[in-house]
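Let's take a walk through this one together. Have the sequence and the coordinates open, and we'll go from the contact between the chains to a few details inside them.

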Number of protein chains: 2
Amino acid sequence: MNVLIILAHPNMNSFNRAIAETASETLQLNGYNVIFHDLYKEGFNPVLIGKEIQEEALLEPIIEKHCMELSIAEGIIVVHPNWWGQPPAILKGWIDRVFRPGIAYKFLENDSGEGIPIGLLKAKAAIVFNTSNTPERRELDIFGDPLETLWKNCIFGLCGVNNFHRKMYGVIVTSTLEQREYWLRDVKKIVTEYFPLLET
Amino acid sequence: MNVLIILAHPNMNSFNRAIAETASETLQLNGYNVIFHDLYKEGFNPVLIGKEIQEEALLEPIIEKHCMELSIAEGIIVVHPNWWGQPPAILKGWIDRVFRPGIAYKFLENDSGEGIPIGLLKAKAAIVFNTSNTPERRELDIFGDPLETLWKNCIFGLCGVNNFHRKMYGVIVTSTLEQREYWLRDVKKIVTEYFPLLET
């Protein structure tokens, strides 16, 4: 079973990287095949260009590859910091360019694009791990935690992945080593809950 | 009075462009100085790199210029399509890179970054114009219209611009010429309401 991990953080020694690597190790221990993308390290270009909008557009090979991997993924794990209640631009552009019509969703025939899309992803579960420097109470009261609806409803729900879990770790900037170790154990637990040991 | 207009749409003949140009013409007729950026046309690079994170980082000249323009703007108008309940990546990256500490917000002394930031923008009003192919009822019921809280609370509210207005036009893909002309008249009306004729 293939599980796709997408990491988006500019620092090579970030806590986000530790989360993504912990998720990857846990999945491999549980018998899954991991497809791992560190969008920053790979220099992913997040800018969707006009000619890519049409469903039948000719795509760059790198986007074709991302689309293929997304469509075969039986699980998806995304790791990113909370920047302005949203993912970093590099990850937003991965959604813009890779979650394409015909890959991630489709419209019914006779629909010009204003109707209700039908999800096409076959992933059985999606997990989003976030880090934040905004205290939880303030995130909920002032900002309404927009990352929850963005990932759960606007992205994965629309594309047919309803088995969704999201966890926000923080406050990162003032956290201790002990807290971070505790959070990484929590990552292992959540990943194993959604992707348990495969019988061989 | 300087008003900054930011346009983010990949097509040079988009309805988003028509909105941005209508806003620009209206502002100029009303006596304002317009600073206009078409992020796609200018090839804006939206990827914030690690070394930019520190407040005292040495910035690329283009980012310095954007920061200067943002800090002198007495009004801000943003125009973009609704892509996955969020702005296109190129615009998300403009936020990531230009809304910097020391420019758009600051933390109190003795705060390590976990506290409540203080807005620094001096813009007296901000307007966001969006286009969408999602019917309004579905946007509200299923997705919760995340663009509202993203722009109003997470971005402009945090940076001290509380006089905020947002308008979503749609469904674009099935709209008639008459509807579009009506919408552009609405753009003029809203812009003039927030940026009225200056006495000379």
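**Where the two chains meet**

Start with the contact between the chains: 35 residues of chain B are in contact with 35 residues of chain A. Keep in mind as you look that this is a predicted model. On the chain B side, the elements giving two or more residues to the surface that touches chain A are α3 (89-98), α4 (136-143) and α5 (146-157). Sort the residues of that side by class and you get 20 nonpolar, 12 polar and three charged.

How do the two copies relate to each other? Chain B can be laid on chain A with an RMSD of 0.0 Å, using a turn of 180° and a shift of 0.0 Å along the axis. The two copies are thus related as by a two-fold rotation axis. If you want to find that axis on screen, look for B:Ala89: its C-alpha is the nearest to the axis in chain B, 2.4 Å from it. Both copies also use the same surface, with 100% of the contact residues of chain B recurring in chain A.

B:Ala89 belongs to a helix pair worth a look. Helix α3 of chain A (residues 89-98) and α3(B) have axes that come within 8 Å and cross at roughly 175°. An angle over 145 degrees counts as roughly antiparallel, so that is what α3(A) is with respect to α3(B). From α3(A), the contact takes A:Ala89, A:Lys92, A:Gly93 and A:Asp96, and from α3(B) it takes B:Ala89, B:Lys92, B:Gly93 and B:Asp96. By class, that comes to two nonpolar, two polar and four charged residues.

Now slide over to the α5 helices. Here α5(A) (residues 146-157) and α5(B) pack at an angle of about 160°, with their axes 10 Å apart. That makes α5(A) roughly antiparallel to α5(B), and the crossing is left-handed. The residues in contact are A:Pro146, A:Thr149, A:Leu150 and A:Cys154 on one helix, facing B:Pro146, B:Thr149, B:Leu150 and B:Cys154 on the other. Charged residues are absent from the contact of α5(A) with α5(B), which has six nonpolar and two polar ones.

Just ahead of α5 in chain A, pause at A:Gly144, which sits in the loop between α4 (136-143) and α5. Is A:Gly144 buried or exposed? It falls in between: with 18 other C-beta atoms within 10 Å, A:Gly144 is partly exposed, since being buried would take 20 or more. A:Gly144 also lies 9.0 Å from A:Gly85, C-alpha to C-alpha, though the two are 59 residues apart in sequence.

Finally, turn to a pair of helices inside chain B. Helix α1(B) (residues 15-29) and helix α6(B) (residues 177-194) have axes that come within 9 Å and cross at roughly 40°. That makes α1(B) oblique to α6(B), and their crossing is right-handed. On the α1(B) side the contact is made by B:Phe15, B:Ala18, B:Ile19, B:Thr22, B:Ala23, B:Thr26 and B:Leu27, while α6(B) brings B:Arg180, B:Leu184, B:Val187, B:Lys188, B:Val191 and B:Thr192. These residues divide into eight nonpolar, three polar and two charged.

Terms used. Residues are numbered from 1 along each chain as its sequence is written. Chains are lettered from A and ligands numbered from 1 in the order in which they are written. This is a predicted model: local features need pLDDT of at least 70, side-chain atom pairs count only at pLDDT 80 or more; totals for chains, interfaces and linings use all residues. Two residues are in contact if their C-beta atoms, placed from the backbone, lie within 7 Å. Helices (H or I, at least four residues) and strands (E, at least two) are DSSP runs, numbered from the N terminus. Ala, Val, Leu, Ile, Met, Phe, Trp, Tyr, Cys and Pro count as nonpolar, Asp, Glu, Lys and Arg as charged, and the others, Gly among them, as polar. Axes are lines fitted to C-alpha atoms, for helices over the stretch in contact, and angles run from 0 to 180 degrees between N-to-C directions. Angles under 35 degrees count as roughly parallel, over 145 as roughly antiparallel, 65 to 115 as roughly perpendicular and the rest as oblique. A crossing is left-handed if the near helix is turned anticlockwise from the far one by less than a right angle, and right-handed if clockwise. Copies are superposed by least squares on the C-alpha atoms of residues with pLDDT of at least 70 in both. A residue is buried if 20 or more other C-beta atoms lie within 10 Å of its own, exposed if 12 or fewer, and partly exposed in between; C-beta atoms are placed from the backbone.
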